[in-house]
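Please look through the sequence and the model below before reading on. The paragraphs that follow begin with a single side chain and widen from there to the sheets, the loops and the confidence of the prediction.

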Amino acid sequence: MKKFAQLTLSALLLCALTAPAFADKATVKVINQSKWEIHHIFLSSSDDQHWGEDQLEDEILAKGDSLLLHGIPCDTYDIKVVDEDGDECIIEQVELCGDDSYWKITDKDLLECEGYE
């Protein structure tokens with residue numbers, strides 16, 4: 001019984017120590033509501049000069065599809081979206097911290113990035 005109590009206490013302590021690390025991470029649902037396929041989504045800390053890995057890897061975010069990104073550390077991010085034509089749209093200074101968010105990619109968003117309004 002004493003061994004069980006020690007294991008339980010150890011498990012509770014481990015949870016208490018690791019809980020803040022999980023609380024400071026965000027989950028983002030990216031929804032493609034545009035008429036174009038999205039071929040690449042990159043995130044980068046706004047302080048960094050280099051883009052992170054392609055969040056889609058070898059996948060395509062088709063019209064009407066969504067993607068769930070988990071465990072994004074608290075920070076201010078720049079986001080680059082590349083559509084099927086290779087057009088890039090960069091959104092700067094997006095705050096992500098410890099919450100659940102969603103981003104909708106629309107025709108209007110992509111056209112505004114290309115200079116059309």
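Lys80 counts as buried, because its relative accessibility is 13% and buried means under 20% relative accessible area, with exposed meaning over 50% and partly exposed in between (1.4 Å probe, protein chains only). This is a predicted model, in which local features need pLDDT of at least 70 and side-chain atom pairs count only at pLDDT 80 or more, while totals for chains, interfaces and linings use all residues. Residues are numbered from 1 along each chain as its sequence is written, and side-chain values use heavy atoms, with hydrogens and water left out.

Lys80 is placed in strand β4, where helices (H or I, at least four residues) and strands (E, at least two) are DSSP runs numbered from the N terminus. If neighbours within four places in sequence are left aside, the residues in contact with Lys80 are His40, Ile41, Phe42, Trp51, Glu88, Cys89 and Ile90, contact meaning heavy atoms within 4.5 Å. Phe42 in this list deserves a second look, for the charged end of Lys80 sits over the Phe42 ring, 5.2 Å from the ring centre; the criterion is that NZ of Lys or CZ of Arg is within 6 Å of the ring centre and within 35 degrees of the ring normal. Lys80 is also the bridge partner of Phe42 in β4.

That bridge belongs to a wider pairing, in which β2 and strand β4 (residues 75-83) run antiparallel to each other over seven bridges; two strands are taken to pair if DSSP finds at least two bridges between them. Strands of a sheet pair through backbone hydrogen bonds, either parallel or antiparallel. The sheet concerned is open and has three strands in the order β2-β4-β5, with antiparallel pairing. Its edge strands are β2 (38-45) and β5 (88-96), each of which pairs on one side only. From one strand to the next the twist averages 20 degrees, with axes being lines fitted to C-alpha atoms, for helices over the stretch in contact, and angles running from 0 to 180 degrees between N-to-C directions.

How are the strands ordered in the open sheet with mixed pairing? That sheet has three strands, and their order is β3-β1-β6. Since β3 (66-73) and β6 (100-105) stand at its edges with a single partner strand each, one side of each is left without a neighbour in the sheet. Here, with direction ignored, neighbouring strands are turned by 20 degrees against each other on average. Strand β1 (residues 25-32) pairs with β3 in the antiparallel sense over six bridges, and Ala26 stands opposite Ile72 in β3.

The loop between β2 and β3 is the place of Gln55, which is partly exposed because its relative accessible area is 30%. Beyond its neighbours within four places in sequence, Gln55 is in contact with Ile41, Leu43, Leu67 and Leu69. Gln55 and His40 are 15 residues apart in sequence, and their C-alpha atoms are 7.0 Å apart in space. Glu57 lies in the loop between β2 and β3 as well, and it has a positive phi of about 50 degrees although it is not a glycine. Glu57 counts as exposed, because its relative accessibility is 61%. A positive phi, of about 60 degrees, is also found at Gln93, which is not a glycine; Gln93 lies in strand β5 and is exposed, with a relative accessible area of 54%.

Turning to the whole chain, there are two helices and six strands, which run α-β-β-β-β-β-β-α from the N terminus on. Of the 117 residues in the protein chain, 30% are buried. Among contacts with a separation of 6 or more, 66% are between residues 24 or more positions apart.

Finally, how far does the confidence of the prediction extend? The mean pLDDT of the protein chain is 80, and 79% of its residues reach 70 or more, pLDDT being the predictor's confidence in each residue, from 0 to 100. Confidence is highest in β2, at a mean of 95, and lowest in helix α1 (residues 2-23), at 39. Over residues 1-22 pLDDT stays under 50, and the model has zero contacts for them beyond four places in sequence. Where pLDDT is low, the predicted coordinates should not be read in detail.
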